[in-house]
Amino acid sequence: MKIKGRVSKGIAVAAATLVASTTLLTGPAAAATQFPSGDAYGFSVDWSGQWVNVQRLDEITLQLCDASPGDKNKATARLQGYVTLNGNASIKTAPAVFQVPIGDKKCWAWRNVFLTYFQDGERLDYARVAFYGSEEPSRMSATRWVRNPFAAP
C-alpha cells in the first residue's frame, strides 16, 4: 500500500488506498459515522469518519463523483477544518487534493484518511469537505459542517 502524506502549518492529512468505486459507502466505512453528503454542479461527495479527540478526525472515507468524468473539469475535493486557537477561529483547508481523473469511472473513493491539527492549543471544532470542478474552482460548494463531539461548546 502506498501512503501519501502532507504536513503544512500544523495540518496533517494522509491518504491511503485509492479505490475506484461506483457505489455508496459500504463495509468498514459504513461502521464509521456517516456525515452529511454534498451535491452541486454535477459533483457529489459522500464521506464518513471517526472523531478521536479534540484535534483529530480519523478513519475518513471520502467518495467523490463526477457526472461527466470525460471532460476537463475534474471533480476536486479538499478537507476543511474550523479551527480555534487562543480564542480565534478560522477555516483552514488541508493541503491534500482529491480528484476524479479524466476517464470513464464516475466515482473514486479514498479510505484511511485522517485530518489533524497539532499546534499547541489548537482545536478542530468542525470539519467538512469542499468540492468543485478543477476548471471552475470559484464555483466551490461544501458539505455541512460536522461538529467535533470532543470540542467544548
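These are my notebook entries on a predicted model, arranged by what I looked up.

**Entry 1: the core**

I began with the largest nonpolar core, which has 28 residues. I listed the residues with the most contacts inside this core: Trp47, Leu57, Leu64, Leu79, Phe98 and Leu115. Next I looked up which strands supply it. Strands S3 (33-40), S4 (43-53), S5 (56-66), S6 (75-85), S9 (107-117) and S10 (123-133) each give at least two residues to this core. The largest share comes from S9, with five residues.

**Entry 2: Thr33**

I then went to Thr33, which is in strand S3. Is Thr33 buried or exposed? Neither word fits: its relative accessibility is 40%, so Thr33 counts as partly exposed, since buried means under 20% and exposed over 50%. Leaving out residues up to four places away in sequence, I found that Thr33 touches Trp47, Ser48, Gly49 and Gln50. One of these, Trp47, is also on my list of core residues with the most contacts. I also looked up the distance from Thr33 to Trp51, which is 18 residues away along the chain. The C-alpha atoms of Thr33 and Trp51 are 8.7 Å apart.

**Entry 3: the disulfide**

I looked for disulfides and the count came to one. The pair is Cys65 and Cys107, with 2.0 Å between the sulfur atoms. Cys65 belongs to strand S5 and Cys107 to strand S9, so I noted a link between distant parts of the chain, 42 residues apart. What is the handedness of this disulfide? The torsion about the S-S bond is about 115 degrees, so the disulfide is right-handed. I checked both cysteines for exposure. Cys65 has a relative accessible area of 12% and is buried. Cys107, at 8%, is buried too.

**Entry 4: Thr76**

Thr76 is placed in strand S6. I noted a relative accessible area of 2%, so Thr76 is buried. Which polar atoms does its side chain meet? A polar atom of the Thr76 side chain lies 3.0 Å from the backbone oxygen of Lys74. The side chain of Thr76 also makes a polar contact of 2.8 Å with the side chain of Gln99. Gln99 appears again among the residues that Thr76 touches, when residues up to four places away in sequence are not counted. That list also includes Leu64, Val97 and Phe98, together with the run Ala130, Phe131, Tyr132, Gly133 and Ser134. Leu64 and Phe98 I had already written down as core residues with the most contacts.

**Entry 5: S6, S7 and the loop between them**

I stayed with S6 and looked up its pairing with strand S7, residues 88-93. The two strands run antiparallel and are joined by six bridges. As one example, I noted that Gln80 has Thr93 in S7 as its bridge partner. The hairpin of S6 and S7 has two residues between the strands. Asn86 lies in this loop. Its phi is positive, about 55 degrees, although Asn86 is not a glycine. With a relative accessibility of 69%, Asn86 counts as exposed.

**Entry 6: Asn112**

I found a positive phi at Asn112 as well, about 60 degrees, although this residue is not a glycine. Where is Asn112? It is in strand S9, the strand that gives the core its largest share. Its relative accessible area is 49%, so I entered Asn112 as partly exposed.

**Entry 7: aromatic pairs**

Last, I looked up aromatic pairs, and the count came to four. One of them is Tyr82 with Tyr126: the ring centres are 5.7 Å apart and the planes stand at 80 degrees, so the pair is edge-to-face. Tyr82 is in strand S6 and Tyr126 in strand S10, so this pair too links distant parts of the chain, 44 residues apart. I checked both for exposure. Tyr82 is partly exposed, with a relative accessible area of 30%. Tyr126 also counts as partly exposed, at 30%. Which residues form a cluster with these two rings? Trp145 joins Tyr82 and Tyr126 in one aromatic cluster.

Methods: Residues numbered from 1 in each chain as written. Predicted model: local features only at pLDDT ≥ 70, side-chain atom pairs only at ≥ 80, totals over all residues. Heavy atoms only, no water. Core = buried A, V, L, I, M, F, W, Y, C linked by side-chain atoms within 4.5 Å. Buried < 20%, exposed > 50% of the residue type's maximum accessible area, 1.4 Å probe, protein only. Helix = DSSP H or I, 4+ residues; strand = E, 2+ residues; numbered from the N terminus. Contact = heavy atoms within 4.5 Å. Pairing = 2+ DSSP bridges. Disulfide = S-S within 2.5 Å. Polar contact = N/O pair within 3.5 Å; in protein donor to acceptor, adjacent residues only side chain to side chain. Phe/Tyr/Trp six-rings, centres within 6.5 Å; stacked < 30°, edge-to-face > 60°.
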